[in-house]
Amino acid sequence: VAGLINWETTLAIESFPLAYNPVNYAFGGVNGGASGVGYNIAKALHTLGHQVDFLSLLGEDPLGQLCSGQLAALGIPTGHILPQLPQTPQSCILYEKSGRRQIHVDLKNIQEASYPPDLAAAALQTCDLAVLCNINFSRPLLELALRLGRPIATDVHALADLDDPYNRDYMSYAQILFMSHESLPASPWDFARQVMARYAPQILVIGLGGEGALLMLKGEGEPQHFPARPVRPIVSTVGAGDALFSAFLHGHLSGQSPAEALRAATVFAGYKIGERGAAEGFLSAEGLRDWVNR
Ligand SMILES: Nc1ncnc2c1ncn2[C@@H]1O[C@H](COP(=O)(O)OP(=O)(O)OP(=O)(O)O)[C@@H](O)[C@H]1O
Ligand SMILES: [Mg+2]
């Protein structure tokens with residue numbers, strides 16, 4: 001897994017829009033922890049029982065040490081986590097009672113930083129799957145992974161344009177491609193067909209939020225719809241997409257069909273959104289099996 005780590009602060013609010021008042025005593029409503037797409041995926045896959053080599057960049061600041069400490073506490077090796085940025089990226093997540101969330105993210109200068117190619121190549125050499133998040137430092141790893149014959153999975157998140165110059169590389173290289181419906185210029189069904197015609201991933205999934213997800217397989221006809229599984233009360237939907245993606249990869253790596261893997265992934269995501277942080281609420285493989293069977 002190569003991707004972002006940021007320090008995440010979550011704030012519980014009554015509802016959007018947030019009216020002005022000078023001070024709020026939000027007892028228990030302000031919390032922090034390590035998160036970021038790479039962290040969420042690495043932690044979810046680790047929790048599901050996979051051996052994760054996690055490649056990321058942190059700040060040489062106290063927040064970087066906190067993030068690194070949290071990875072170590074989980075038992076995720078930190079040998080590929082390089083504390084070489086001036087500052088660790090941060091995010092601030094506001095979430096209301098319905099579970100709707102608003103993300104404010106400050107990437108600091110991570111988009112100008114690069115990851116040492118020799119270290120990346122060594123990690124890629126031994127992996128079954130390269131999960132390359134759409135952050136600039138993992139962009140050169142796409143070509144490296146291809147050259148080393150490693151399959152690539154990517155989530156490009158909210159995409160607004162089929163030719164999006166930032167995400168085009170990721171979409172061209174990915175065999176497993178995820179995206180969100182949230183900013184699409186067409187219906188997700190139409191857009192899925194367009195993505196397949198243009199980039200031809202083996203597997204395409206479009207997350208539909210509370211409506212579930214669409215699955216389209218190369219050469220196998222029309223997109224298929226999978227409903228959402230809100231298996232427990234929703235607290236915050238932050239990180240739902242990362243959870244869906246991770247659990248799908250878990251199923252795929254475990255030999256399930258794409259349909260089986262996505263069905264279980266909606267359960268994993270449905271369970272995950274019962275907690276407030278993007279990196280909280282991940283089921284183990286056994287816990288997921290139990291919930292799928294209920
Ligand atoms: N409001 C909701 N109610 C029930 N399930 C939800 C809700 N929001 C998300 N989910 C579950 O989580 C999955 C992933 O969510 P979503 O489609 O919003 O991801 P995304 O838009 O790709 O990423 P994200 O919203 O996390 O940036 C959905 O397919 C669904 O199973
Ligand atoms: Mg979404």
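**Entry 1: a loop glycine**

I began with Gly255, which sits in the loop between α7 (240-253) and α8 (258-272). I note here that the model is predicted. Gly255 has 66% relative accessibility, so I put it down as exposed; the cut-off is over 50%. I then took a distance to Gly64, 191 residues apart from Gly255 along the chain. The C-alpha atoms of the two glycines are separated by 36 Å.

**Entry 2: β1 and its partners**

Next I looked up strand β1, residues 6-12. β1 pairs with β2 in the antiparallel sense, over six bridges. For one register point I took Thr9, whose bridge partner in β2 is Gly32. I then turned to β5, residues 90-95. β5 also pairs with β1 over six bridges, but in the parallel sense. Here Ala12 has Tyr95 in β5 as its bridge partner. Strands of a sheet pair through backbone hydrogen bonds, in either sense.

**Entry 3: Ser35**

I stayed with β2, residues 30-35, to look at Ser35. Is Ser35 buried or exposed? Ser35 has 1% relative accessibility, so it counts as buried, the limit being under 20%. Which side chain does the side chain of Ser35 meet in a polar contact? I found that of Glu8, at 3.2 Å. Leaving out residues up to four places away in sequence, I listed what Ser35 touches. The list has Leu4, Ile5, Asn6 and Glu8, then Asn40, and finally Ala278 and Ala279.

**Entry 4: backbone oddities**

I went through the backbone angles. Most residues other than glycine have a negative phi, and most peptide bonds are trans. The bond from Phe16 to Pro17 is cis, with omega near -5 degrees. I placed Pro17 in the loop between β1 and β2.

Lys108 has phi near 50 degrees, a positive value in a non-glycine residue. Lys108 lies in the loop between β6 (101-106) and α3. Its relative accessible area is 30%, and I logged Lys108 as partly exposed.

Ala200 likewise has a positive phi, near 50 degrees. I found Ala200 in the loop between α6 (188-199) and β10 (203-207). Ala200 counts as partly exposed, at 33% relative accessibility.

**Entry 5: the six-stranded sheet**

I traced an open sheet of six strands. The order is β7-β8-β9-β10-β11-β12, and the pairing is mixed. Why do β7 (130-131) and β12 (224-226) each have one side without a neighbour in the sheet? Both stand at the edges, each with a single partner strand, so one side of each is left free of a neighbour. For β7 I checked that partner: β8, residues 152-158, runs parallel to β7 and is joined to it by two bridges. Ala130 stands opposite Ile152 in β8.

**Entry 6: the second largest pocket**

Last, I looked at the second largest pocket, with about 380 Å³ of space. Its lining holds 20 residues. Gln51, Asp53, Cys127, Asp128 and Leu129 lie nearest the centre. Which elements give two or more residues to the lining? I noted α3 (117-125) and β7. The largest share, three residues, comes from α3. By class, I recorded 15 nonpolar, three polar and two charged residues in the lining. So β7 turns up twice in my notes, as an edge strand of the sheet and as a contributor to this pocket lining.

Key:
Residues numbered from 1 in each chain as written. Chains lettered and ligands numbered in written order. Predicted model: local features only at pLDDT ≥ 70, side-chain atom pairs only at ≥ 80, totals over all residues. Heavy atoms only, no water. Pairing = 2+ DSSP bridges. Helix = DSSP H or I, 4+ residues; strand = E, 2+ residues; numbered from the N terminus. Buried < 20%, exposed > 50% of the residue type's maximum accessible area, 1.4 Å probe, protein only. Polar contact = N/O pair within 3.5 Å; in protein donor to acceptor, adjacent residues only side chain to side chain. Contact = heavy atoms within 4.5 Å. 1 Å grid on protein atoms, 1.4 Å probe; cavity = no way out; pocket = protein on both sides within 12 Å on 5 of 7 lines; lining within 4 Å. Points joined across faces, edges and corners; volume = space filled by probe spheres on them. Nonpolar A, V, L, I, M, F, W, Y, C, P; charged D, E, K, R; others polar.
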